[in-house]
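Me: I've got a structure open and I'd like to go through the reasoning behind some of the labels people put on it. Can you take my questions one by one?

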Amino acid sequence: MNPSNDGGHTNNGFNGGSEVSLDIPTNTLYHTSRDCIVQEDQSSQETCLESTQSCCSNLWSNIFRKKTLYKRFPILVWLPQYKKDYIFGDIVAGISVALTVIPQALAYAGIAGLDLQYGLYACFLGCFIYIFIGSSKDVPIGPTAISALLSFQIAGGSWQMATLLTFLTGLIEILMGVFRLGFLIDFVSGPVGAGFTSAVSLIIFSSQMKDFLGIKTSGNTFLQVWISIVNDIHNISWPDFILGLICITLLLSLRALASFSLGPKEGKSTSQKLFTGIFWTIGTARNALLVCGTAGLGYWLSLSGKEDLVKTVGFVPKGMPSFQPPPFHIDPVLNETTGEILEDGQSFWDMVSTLGSGLIVVPLIALLETMAVVQAFADGKPTDATQELIASGVCNVANSFVQGLRSNGGVARGAILNASGVRTQLSNLYTSVIVIIALLYLTPCFYYIPKAALASIIIAAVIFMIQYRVIKPMWHSKKTDLIPGLGAFFACLVLPLQLGILVGIGINVVFILYQAARPKLRIETLATTSGLKYLMLTPDRCLIFPSMEFVRKVINKQGVKSTLPVVIDCTHIYGADFTAAKVISTMVMDFEQRHQPLIFYNLQPRVAQVFEGLNKDLVVIYDITTLHAKLAEKSPI
C-alpha cells in the first residue's frame, strides 16, 4: 500500500517488515470490505483424527529438535566450550556463595518459622539441577528473604505446608514456562515492585526483633508485630541486644571493606592487588566469619556455665534429609495417653485452600527476583524468562522431595557470584558440595550460634532493600507512579504480602484501564486544496469497549459544534471489538440524520470488517487526494 504523501496523512500500520502485505490501490474509494473475499482451499481440510495426529507429530518433533534441546538444556551449549581456565573462577565463586548461603539459609529458615535445617535442605539439590537447565551463570538457587517471608505468611510455619508450597509453586512455574506466561511479570510495574520490596524489608526487619532483643513477638503483619514488640519490650535481654549491635556494626564494616581498594584503579602493584583481594574475601565471607566467631563465643559460654546468657539456636539434625514425596495431607495430632485429638488433620484440598492466592503470587515474585539477577548481569545479552521459569520450577519440585524451603535466584548472592569471577553454571556444583558437607559434619556446631547473630545477618542485609532512592526520580518523571508504589507499600504493611502485592497490581490495572477508557483525541480544523474546511479527529489508540462512549461523545460534540464534515484519522487504530462496532454504527446513523459527512481515513481493513458487521455504509478512504475529492463532492454548492 503506497498512499500518496501529498501533504496528507500516511498509514504506517503495515510497515515494519511484515511478511503479509495488503494491496489497496490509491485514489480509490470504497464503502465496505464486501469485495474482500477469503477463499479456502477445501482440498486442504483434514479430518479431526488426521489433524490431531499431525499436531502430536509436530509437537513431538519440535520437542526433540536440536534447537529446542539446546534452549531447554543450556548445558549442551556451554559445556562443550568449557576451558581449563574456567575451573578456578567457578570454584572461587561457588565457595564464596556457599560461605554466604549457609548462614543465610539458617536465618531464612527462622524467618519462615521453620527449624533451621529446612533452610539448608533448599541449598543443594536445586543448585545441582540448575547446572543443567539454568540459563544464567549468575543465578545462585537458594532461599531468599522475600521467599522465606512469603512462606511464613502463607504456610504459617508448618514444614508440611511449606514443602507443599514449594512443590505446587514449582509445578505452576513449569506450566507458566510451557505456556510462555513470563509476560505476567510485566503487570508488576517498577513502582509496585519497589513498594513491595521496601515493605518486605521492613516486615523482615521487624520479624527479627524477637531474636535481636530477646523478647516474644506475635502476628503476621507489620502492625501486629510492632504491637507485640511494644507490649513485651520491658522483657528485653540486654546481652542479646548488645551482641546484636556488635554483630551489625561488624557486618556493615566488613561490607564496606569488601569494596575497599588500595591504590589506583589501573596499574596496581602486586601488594596492592594482594591486600585488595584479601579485603574483598573477608568482606564477602563476613556472614560465615560472624557465624563461626559467635558460635565459638556460644561454645565458650557453654563451657563456662553461662549458656543462658544469650539465646542460641539449639539442636540442628545432622545428616542428609530423607528423599520422599512432599506431604499431601497432615495427620491429626493425638494425645498419646488419652487418644484425644489435639490438632485436626488436613486433607490435600484443605492444604491447597490454606495456601490460596500464594500459589499464584509466589511464582510471580520469584520470577521477578530471578530475572532481576539475570538482567543485572546479562551485559546486554538476551534473557529468557521462559527458561528461567522452567528451571526454577524444576528446582523447586526437586527441593520439595528433600523438604527444602522455597528457593529462587537472589540478587545479593548473584552479585557475589559475578564479583567472584564466575564463568559458568558449574559454580553451583561447588556450592552444593559445601552445603552437603555442612549438613553431614558441621550441624553440631550450629547448636551454639546465638540467635541474635543470625538476626543481625538478616537485618544488615534487608536494610539495603528499602528502595527510597526511587522516590525522587519518580517524582520528577511521573508523579502519578507514586500512587501504585505507595499503595503496594502500605497494603503490604497492613495486609498479608500476597494480598498487598495484588492491591498494588490492582491499582496499576485501574490506571491502565482509565487510560484505555480515556484515549486522547487530537482535534484539527484543516482545509482541502480547494479551500474546503473539515474537522480531523485523530484517536491515539485502539477502540475497545471502555473507551467507546467517551470517544462517541467527543466526536458528536465536535460534529454538532462545528457542522463541518468530520474525518476520523484511523492511522493509530489497530484493533476494535463488538462494542466499538456498535457505537460506530450508532454514530454513523447520528451523522446521517444531521446530513453531516463522516469519513474514516486510513481505516485498516481488518478493523473495517469489525465495523461493517453492524453497519455496511462506512465511507473509508486511503488517499488524501481522494479524501479531498470526496469532501468536495459532499460539500453544499
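Me: What is the mean pLDDT of the protein, and how many of its residues reach 70 or more?
Reply: This is a predicted model, and its mean pLDDT is 83, with 89% of the residues at 70 or more. One stretch falls short: residues 1–45 have a pLDDT below 50. That stretch still has 70 contacts in the model beyond near neighbours in sequence. Where pLDDT is low, though, the predicted coordinates shouldn't be read in detail.

Me: Okay, helices. What makes α8 and α17 roughly antiparallel?
Reply: Helix α8 (residues 159–178) and helix α17 (residues 385–400) pack at an angle of about 155°, with their axes 7 Å apart. Angles over 145 degrees count as roughly antiparallel, so α8 earns that label against α17. The crossing of α8 past α17 is left-handed.

Me: Which residues of α8 and α17 make the contact?
Reply: On the α8 side they include Thr163, Phe167, Gly170 and Leu171, and on the α17 side Leu389, Ile390, Gly393 and Val397 are among them. Sorted by class, the contact of α8 with α17 has nine nonpolar residues, ten polar and one charged.

Me: How do you know that the pair of phenylalanine 167 and phenylalanine 328 is edge-to-face?
Reply: Check two values. The ring centres are 5.6 Å apart, and the limit for a pair is 6.5 Å. The planes are at 80°, and over 60 degrees counts as edge-to-face. Both tests are passed, so edge-to-face it is. A search of the whole structure finds 19 aromatic pairs.

Me: What makes this a link between distant parts of the chain?
Reply: The two residues are 161 apart in the chain. Phenylalanine 167 belongs to helix α8, while phenylalanine 328 is in the loop between α14 (286–303) and β3 (333–334).

Me: Why are α9 and α22 called roughly parallel?
Reply: Helix α9 (residues 190–207) packs on helix α22 (residues 482–494) at about 30°, with the axes 7 Å apart. The cut-off for roughly parallel is under 35 degrees, so these two helices fit the label. α9 passes α22 in a right-handed crossing.

Me: Which residues meet there, and how do they divide by class?
Reply: Val192, Phe196 and Leu202 are among those in α9, and they are part of a contact that includes Ala488, Phe489 and Leu493 in α22. The contact of α9 with α22 has eleven nonpolar residues, three polar and no charged ones.

Me: What about α22 and α23: why are they roughly antiparallel?
Reply: The axes of α22 and helix α23 (residues 497–517) come within 8 Å and cross at roughly 160°. With over 145 degrees as the cut-off, α22 and α23 are therefore roughly antiparallel. α22 passes α23 in a right-handed crossing. The residues in contact include Ile483, Gly487 and Ala491 of α22, plus Leu497, Val503 and Phe511 of α23. Here the classes are ten nonpolar, four polar and no charged.

Me: Last one: where are arginine 180 and histidine 595 found?
Reply: Arginine 180 is in the loop between α8 and α9, and histidine 595 is in the loop between α25 (578–593) and β9 (598–601).

Me: What is the phi of each?
Reply: Arginine 180 has a positive phi of about 55°, although it is not a glycine. Histidine 595, also not a glycine, has a positive phi of about 55°.

Conventions
Residues numbered from 1 in each chain as written. Predicted model: local features only at pLDDT ≥ 70, side-chain atom pairs only at ≥ 80, totals over all residues. Heavy atoms only, no water. Axes fitted to C-alpha atoms, helices over the stretch in contact; angles between N-to-C directions. Helix = DSSP H or I, 4+ residues; strand = E, 2+ residues; numbered from the N terminus. Parallel < 35°, antiparallel > 145°, perpendicular 65-115°, else oblique. Left-handed = near helix turned anticlockwise from the far one by under 90°. Contact = heavy atoms within 4.5 Å. Nonpolar A, V, L, I, M, F, W, Y, C, P; charged D, E, K, R; others polar. pLDDT = per-residue confidence, 0-100. Phe/Tyr/Trp six-rings, centres within 6.5 Å; stacked < 30°, edge-to-face > 60°.
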